[in-house]
Amino acid sequence: MSSVISKLGNASSVTSAPSCHGEGEDKTYTYSGFEIYTCPNGSEDMIIEILITSSSISTPKGIKVGSSKNDVFAQYGKNYTESGYYYVYETGSKSIQFFMSGDTVEEIDYYYDV
């Protein structure tokens with residue numbers, strides 16, 4: 001996370017709680033339009049999740065909050081798993097998840113397995 005902070009600057013807020021992944025603290029770094037979740041990895045904070053809530057940020061394929069379900073299918077295909085309101089596209093140890101409200105993307109969640 002230290003290299004991310006050097007590029008993005010300090011978060012508007014940082015919260016922490018005892019880690020679910022080992023010794024130390026899990027942290028949430030809040031920026032305008034997105035949050036970064038970390039867990040301890042030695043002396044560093046390792047990124048495990050990025051949650052996008054702003055329509056000003058898009059995926060490399062152009063999907064953003066406010067995009068339609070059909071936009072997601074056109075860019076990512078239909079090889080997904082549906083989990084509640086999420087359409088989950090997995091690639092090895094990481095996934096991109098689109099939280100849908102009806103036919104509209106409400107949040108985009110990049111998740112990395114630890």
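The exercises below work through the fold, strand pairing and charges of a predicted model.

## Exercise 1: The overall layout

Task: Describe the chain by its secondary structure, extent and burial.

Solution:
- Step 1. Count the elements. The chain has two helices and eight strands.
- Step 2. Put them in order. Along the sequence the pattern reads α-β-β-β-β-α-β-β-β-β.
- Step 3. Take the extent. The C-alpha trace spans about 40 × 25 × 20 Å along its principal axes.
- Step 4. Check burial. Of the 114 residues, 35% count as buried.
- Step 5. Look at the surface. The accessible surface is about 6,800 Å², and 46% of that belongs to carbon and sulfur atoms.
- Step 6. Look at contact range. Take the contacts with a separation of 6 or more: residues 24 or more positions apart account for 31% of them.

## Exercise 2: Hairpins before helix α2

Task: Find how strands β1 and β2 pair, then do the same for β3 and β4.

Solution:
- Step 1. Locate the strands. β1 covers residues 13-18 and β2 covers residues 25-31.
- Step 2. Read the pairing. The two run antiparallel and are joined by six bridges. One register point is S13, whose bridge partner in β2 is T30.
- Step 3. Inspect the turn. Six residues separate β1 and β2 in this hairpin, and G22 in the turn has a positive phi of about 150 degrees.
- Step 4. Move on to β3, residues 34-41. Eight bridges join β3 to β4, again in an antiparallel pair. C39 stands opposite M46 in β4.
- Step 5. Inspect that turn. Two residues lie between β3 and β4, and G42 has a positive phi of about 65 degrees.

## Exercise 3: From β5 to β7

Task: Trace the hairpins that link β5, β6 and β7.

Solution:
- Step 1. Start at β5, residues 81-83. β5 and β6 pair in the antiparallel sense over three bridges. S83 stands opposite Y86 in β6.
- Step 2. Read the turn. Two residues lie between β5 and β6, and G84 has a positive phi of about 65 degrees.
- Step 3. Continue to β7. Six bridges join β6 to β7, which run antiparallel. The partner of E90 in β7 is S95.
- Step 4. Read the second turn. Two residues lie between β6 and β7, and G92 has a positive phi of about 60 degrees.
- Step 5. Place T91. This residue lies in β6, which covers residues 86-91. T91 is exposed, at 54% relative accessible area.
- Step 6. Take one distance. T91 and Y112 are 21 residues apart in sequence, and their C-alpha atoms are 9.8 Å apart.

## Exercise 4: Two salt bridges

Task: Identify the salt bridges and state which parts of the chain they tie together.

Solution:
- Step 1. Recall the principle. Side chains of opposite charge can pair when their charged atoms come close.
- Step 2. Count. The structure holds two salt bridges.
- Step 3. Take K27 and D45. Their closest N and O atoms are 3.2 Å apart. K27 lies in β2 and D45 in β4, so the pair ties together parts 18 residues apart in sequence.
- Step 4. Compare exposure. K27 is partly exposed at 22% relative accessible area, whereas D45 counts as buried at 15%.
- Step 5. Take K69 and D103. Their closest N and O atoms are 3.1 Å apart. K69 lies in helix α2 and D103 in the loop between β7 and β8, so this pair ties together parts 34 residues apart in sequence.
- Step 6. Check K69. This residue is buried, with a relative accessible area of 18%.

## Exercise 5: A buried charge without a partner

Task: Place E49 in the fold and examine its surroundings.

Solution:
- Step 1. Locate E49. This residue sits in β4, residues 44-52.
- Step 2. Test for a partner. E49 is buried yet has no salt bridge. The nearest side chain of opposite charge is K94, 15 Å away. A salt bridge needs nitrogen and oxygen within 4 Å.
- Step 3. List neighbours. Beyond residues up to four places away in sequence, E49 touches E35, I36, Y37, D109, Y110, Y111 and Y112.
- Step 4. Relate this to pairing. β4 is joined to β8 by four bridges, and the two run antiparallel. I52 has I108 as its bridge partner in β8.
- Step 5. Widen the view. The chain has 7 positive and 15 negative charges, and their mean positions are 11 Å apart.

Terms used. Residues are numbered from 1 along each chain as its sequence is written. This is a predicted model: local features need pLDDT of at least 70, side-chain atom pairs count only at pLDDT 80 or more; totals for chains, interfaces and linings use all residues. Side-chain values use heavy atoms; hydrogens and water are left out. Buried means under 20% relative accessible area, exposed over 50%, partly exposed in between (1.4 Å probe, protein chains only). Contact means heavy atoms within 4.5 Å. Accessible areas come from the Shrake-Rupley method with a 1.4 Å probe; for residues, only the protein chains shown count as cover. Lys and Arg count as positive and Asp and Glu as negative; His and the chain ends are not counted. The place of a charge is taken as NZ of Lys, CZ of Arg, CG of Asp or CD of Glu. Two strands pair if DSSP finds at least two bridges between them.
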